[in-house]
Amino acid sequence: MTAPAYQQMIFVNLPVNDLDASKKFFTELGYSLNPQFSDDKAASVVISDTIVAMLLTKPFYATFTKKEIADATQTSEVLVALSAESRAKVDELVDKALAAGGSASGETQDHGFMYGRSFDDLDGHTWEVIWMDPAAIQG
């Protein structure tokens, strides 16, 4: 029997001001929390089988870096882009984020074969949600 192919994962670590508010925000988007990797300093938000957002209190985040922690409401430190399976799913996720307290970020991008919208979470981190026509990807 052959071992399953390794699937690389991404863990996006983000500093947050209010861990409980951030956990509520992301669960309202439909994501789950992995209690095995969550405590009073961090929350593991499962976005997919291979994507996890680690929400870390600022003091805990500071233990992983010697750099100053950016204020994402004032400075762009990262753009997290997530794919969506359809235009409707782009709108659904961004609309949920706005209803949960996030804010719109940038203009809707509609290029026919590609559609995207963005939002800032409670701490100002920008999330882009993008759909691309599979036929355009295959070229």
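The following legends describe close-up views of salt bridges and of one sheet in a predicted model.

Residues are numbered from 1 along each chain as its sequence is written, and side-chain values use heavy atoms, with hydrogens and water left out. Because the model is predicted, local features need pLDDT of at least 70 and side-chain atom pairs count only at pLDDT 80 or more, whereas totals for chains, interfaces and linings use all residues.

**View 1. A salt bridge within helix H1 links Lys-24 and Glu-28.** A salt bridge is taken as a side-chain nitrogen of Lys or Arg within 4 Å of a carboxyl oxygen of Asp or Glu, and by this rule the count comes to seven. Between Lys-24 and Glu-28 the N to O distance is 2.3 Å. Both residues belong to H1 (residues 19-28), where they are four residues apart, about one turn of the helix; helices (H or I, at least four residues) and strands (E, at least two) are DSSP runs, numbered from the N terminus. Glu-28 is partly exposed, with a relative accessible area of 35%, on a scale where buried means under 20%, exposed over 50% and partly exposed in between (1.4 Å probe, protein chains only).

**View 2. Helix H3 carries a salt bridge between Lys-89 and Glu-92.** The closest N and O atoms of this pair are 3.5 Å apart, and the two residues, three apart in H3 (residues 87-99), are separated by about one turn of the helix. Lys-89 is partly exposed at 34% relative accessible area, and Glu-92 is also partly exposed, at 37%.

**View 3. Asp-91 and Arg-117 meet in a salt bridge.** Their N to O distance is 3.0 Å. Asp-91 lies in helix H3 and Arg-117 in strand S8 (residues 114-120), so the pair ties together parts that are 26 residues apart in sequence. Asp-91 is partly exposed, with a relative accessible area of 24%, while Arg-117 is buried, at 15%.

**View 4. Four strands form an open sheet of mixed pairing, in the order S1-S4-S3-S2.** Strands S1 (10-16) and S2 (32-33) stand at the edges with a single partner strand each, so one side of each is left without a neighbour in the sheet. S3 (residues 42-46) and S4 (residues 51-57) pair in the antiparallel sense over five bridges, where pairing requires that DSSP finds at least two bridges between two strands. Ala-43 has Leu-55 in S4 as its bridge partner.
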